[in-house]
Amino acid sequence: MIDIRLADPSAKDVRPLIEAHLAHSQEAGPDESNHTMGVESLREPGIRFWVLYDDDTPLGCGALKELEDGTAEVKSVHVAAAARGRGLARDLMAHLEAQARNSGATALVLETGAAHLQEYGAARKLYEALGYSYCGPIFGYPEDPNSAFMRLDLNTDR
């Protein structure tokens with residue numbers, strides 16, 4: 001049974017997901033444009049981290065970072081390679097959206113790889129399908145040709 005729970009990113013069973021996410025980001029784009037959070041960063045105040053489990057097996061993760069402008073940033077969404085193609089990333093994103101709405105965030109925002117970074121194509125396609133639109137740099141980020149910034153307004157009914 002699939003369920004999504006708040007979790008400690010430093011938990012032994014969760015670390016492989018975060019390490020795989022870090023490895024993917026390192027391979028997918030240049031270091032100066034890599035904004036992927038590791039275990040310690042995911043444990044900082046203002047960040048909530050969830051793990052998607054199938055029974056007791058962690059298959060995916062995602063986090064929300066509260067930003068000073070009233071938005072919530074989607075961070076560290078990752079699904080284990082062996083579990084892809086089952087709609088789990090979509091489930092994680094729906095969970096993050098519900099959590100952001102419940103906490104009063106005005107929008108969900110995110111940074112992902114730009115169009116010329118092919119490793120991020122599936123992520124961009126998912127975000128587009130979920131109603132995210134491209135925007136300028138989000139709070140705390142500079143303009144970066146290797147980054148695509150996206151936003152989902154939460155003040156509208158969906």
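Modeller: Before we start: buried means under 20% relative accessible area. Keep in mind that this is a predicted model.

Colleague: OK, let's try that on a helix. Which residues of α3 are buried?

Modeller: In α3, the buried ones are Leu-88, Leu-92, Met-93, His-95, Leu-96, Glu-97 and Ala-100. The helix has 15 residues and spans 21 Å from first C-alpha to last, close to the 21 Å expected at 1.5 Å a residue. After α3 comes Gly-104, with a positive phi near 90°.

Colleague: And how do I read a nonpolar core? Which residues touch the most other members of the largest one?

Modeller: The general idea is that nonpolar side chains tend to be buried together in soluble globular proteins. Here the largest core has 24 residues, and Leu-64, Val-74, Met-93, Leu-108 and Tyr-132 touch the most other members. Elements that each supply at least two residues include β3 (57–66), β4 (72–79) and β5 (107–113). The largest share, five residues, comes from α3.

Colleague: What does Val-74 touch, beyond four places in sequence?

Modeller: Among its contacts are Leu-64, Met-93, Leu-108 and Tyr-132. There's also a second, separate core of twelve residues, including Ile-18, Met-37, Ile-47 and Cys-61.

Colleague: Now a charged one. Where is Arg-124, and what is its nearest side chain of opposite charge?

Modeller: Arg-124 sits in helix α4. To call a salt bridge, you need a side-chain nitrogen of Lys or Arg within 4 Å of a carboxyl oxygen of Asp or Glu. Arg-124 is buried but has none, as Glu-128, the nearest side chain of opposite charge, is 5.5 Å away. A polar atom of the Arg-124 side chain does lie 3.5 Å from the backbone oxygen of Ala-115. Other residues in contact with Arg-124 include Thr-112, Tyr-134 and Met-150.

Key
Residues are numbered from 1 along each chain as its sequence is written. This is a predicted model: local features need pLDDT of at least 70, side-chain atom pairs count only at pLDDT 80 or more; totals for chains, interfaces and linings use all residues. Side-chain values use heavy atoms; hydrogens and water are left out. A nonpolar core is a set of buried Ala, Val, Leu, Ile, Met, Phe, Trp, Tyr and Cys residues joined through side-chain atoms within 4.5 Å. Buried means under 20% relative accessible area, exposed over 50%, partly exposed in between (1.4 Å probe, protein chains only). Helices (H or I, at least four residues) and strands (E, at least two) are DSSP runs, numbered from the N terminus. Contact means heavy atoms within 4.5 Å. Lys and Arg count as positive and Asp and Glu as negative; His and the chain ends are not counted. A polar contact is a pair of N or O atoms within 3.5 Å; within protein, one must be able to donate a hydrogen and the other to accept it, and residues adjacent in sequence count only if both atoms are side-chain atoms. The expected span of a helix is 1.5 Å times one less than its number of residues.
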